[in-house]
Amino acid sequence: MSSAMFLFFLLLGSSLMAATTFAGNFYNDFDITWGSPRAKILNRGQLLTLSLDKVSGSGFQSKREYLFGRIDMQLKLVAGDSAGTVTAYYLSSQGATHDEIDFEFLGNVSGQPYILHTNVFAQGKGGREQQFYLWFDPTRNFHTYSIVWNPQRIIFLVDNIPIREFRNAEKLGVPYPKSQPMRIYSSLWNAEEWATRGGLVKTDWTKAPFTAYYRNFNANACTWSSSTSSSTCSSSSKFGSALMENSWQTQELDAMSRRRLRWVQKNYMIYNYCSDFKRFPQGLPPECRPSRFL
Ligand SMILES: *[C@@H]1O[C@H](CO)[C@@H](O)[C@H](O)[C@H]1NC(C)=O
């Protein structure tokens, strides 16, 4: 077989793998932890829905804790008039000095754009917001939101397009999430005081219940066991090579990914703490320096 042929079959195999085996089961991987009548696991564990009504929101969390990995989830956000609602999807450890990696989707009135808000907390300190519009309507179809988290960097991806990279800047004295295992959390709640146009637009409760959808969860990650204080990394699957499964461990942005990241940041980023000179009159945070300093 020629090497081009081989590559073709390799790629074919990996896309089939992505389509078939990457559908985790919500019963095995998650617990509904809040507002249970409003959260549902459906289709034998293939679909999860959260909803929000006048009484309360709802939420779930992963059964397992993770320490580094690539975590993918497909979400379809609250459609129609979602103003005042927030769908939070994030990784977090526990306690006052916790680490956290956040996606938050701020709803809007019909036809107006959601804001995708991102943040990174390390040892209890956040304040590292970047916000984006999306290049598609996130309420029409499912889209994949991913976090690649390794000791060197955190990469946020939307449909496999990197939108943000947070690099380890410990050399400059900036704490980095690397020793506290995190769970995956998601919740849908009412934040009409600030979510939409900074709180100007309130939730229209005549449109309730508001519903968000989840499917195709996949974690290629190291799972933490608190009983043995050790982690086990998923190393190979029935289909893929260990190399592909574990590429997140050393993943960095190649030239193509950098181009895509620049495209998103140039055209869709609406807030970046690293260019908010008003907020940091004494100088920008050290991790905002160009990468050659990190
Ligand atoms: C909602 O739409 C308004 C008007 O287009 C826009 O300014 C705002 O950024 C949008 N998103 C949110 C979450 O407020």
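User: What makes a pair of atoms a polar contact?

Analyst: Two N or O atoms must lie within 3.5 Å of each other. Keep in mind that this is a predicted model.

User: How do you know that Q112 makes such a contact with the ligand?

Analyst: An N or O atom in the side chain of Q112 is 2.5 Å from an oxygen atom of the ligand. The cut-off is 3.5 Å, so the pair counts as a polar contact.

User: What makes Y133 and R197 polar contacts of the ligand?

Analyst: A polar side-chain atom of Y133 lies 2.7 Å from a ligand oxygen. For R197 a polar backbone atom is 2.7 Å from an oxygen atom of the ligand. Both values fall within 3.5 Å, so both pairs count. The protein covers 77% of the 360 Å² of accessible area that the ligand has on its own.

User: Which residues are around the ligand?

Analyst: They are L106, G107, N108, Q112, P113, I115, Y133, A195, T196 and R197. By class, this shell has five nonpolar, four polar and one charged residues.

User: Why is G107 called polar?

Analyst: The scheme counts Gly among the polar residues, so G107 of the ligand shell goes there.

User: Why is the pair of F60 and Y214 called edge-to-face?

Analyst: The ring centres of F60 and Y214 are 5.0 Å apart, and the planes make 90 degrees. Pairing needs centres within 6.5 Å, and edge-to-face needs planes over 60 degrees apart, so both tests are met. F60 sits in strand β4 (residues 58-62) and Y214 in strand β14 (residues 210-225), so the pair ties together parts 154 residues apart in sequence. The structure holds 18 aromatic pairs.

User: What lines the second largest pocket?

Analyst: Its lining has 17 residues, with Q130, E165, R167, L261 and Q265 nearest the centre. Two elements, β12 (161-167) and α4 (255-267), each give two or more residues to that lining. The lining divides into six nonpolar, four polar and seven charged residues. The volume of this pocket is about 400 Å³.

User: How do you know that the bond between A208 and P209 is cis?

Analyst: Omega of the peptide bond joining A208 and P209 is about 0 degrees. P209 is in the loop between β13 (183-190) and β14.

User: What makes the phi of N43 worth a note?

Analyst: Phi of N43 is near 50 degrees, a positive value in a residue other than glycine. N43 belongs to the loop between β2 (39-42) and β3 (47-52).

Note on methods
Residues are numbered from 1 along each chain as its sequence is written. This is a predicted model: local features need pLDDT of at least 70, side-chain atom pairs count only at pLDDT 80 or more; totals for chains, interfaces and linings use all residues. Side-chain values use heavy atoms; hydrogens and water are left out. On a 1 Å grid over the protein atoms alone, a cavity is a set of points where a 1.4 Å probe fits but cannot get out, and a pocket is an open set with protein on both sides within 12 Å along at least five of seven lines; lining residues have an atom within 4 Å of a point. Grid points are joined across faces, edges and corners, and a volume is the space filled by probe spheres set on the points. Helices (H or I, at least four residues) and strands (E, at least two) are DSSP runs, numbered from the N terminus. A residue is near a molecule or strand if one of its heavy atoms lies within 4 Å of it. A polar contact is a pair of N or O atoms within 3.5 Å; within protein, one must be able to donate a hydrogen and the other to accept it, and residues adjacent in sequence count only if both atoms are side-chain atoms. Accessible areas come from the Shrake-Rupley method with a 1.4 Å probe; for residues, only the protein chains shown count as cover. Rings of Phe, Tyr and Trp (its six-membered ring) pair if their centres lie within 6.5 Å; planes under 30 degrees apart count as stacked, over 60 as edge-to-face and the rest as tilted.
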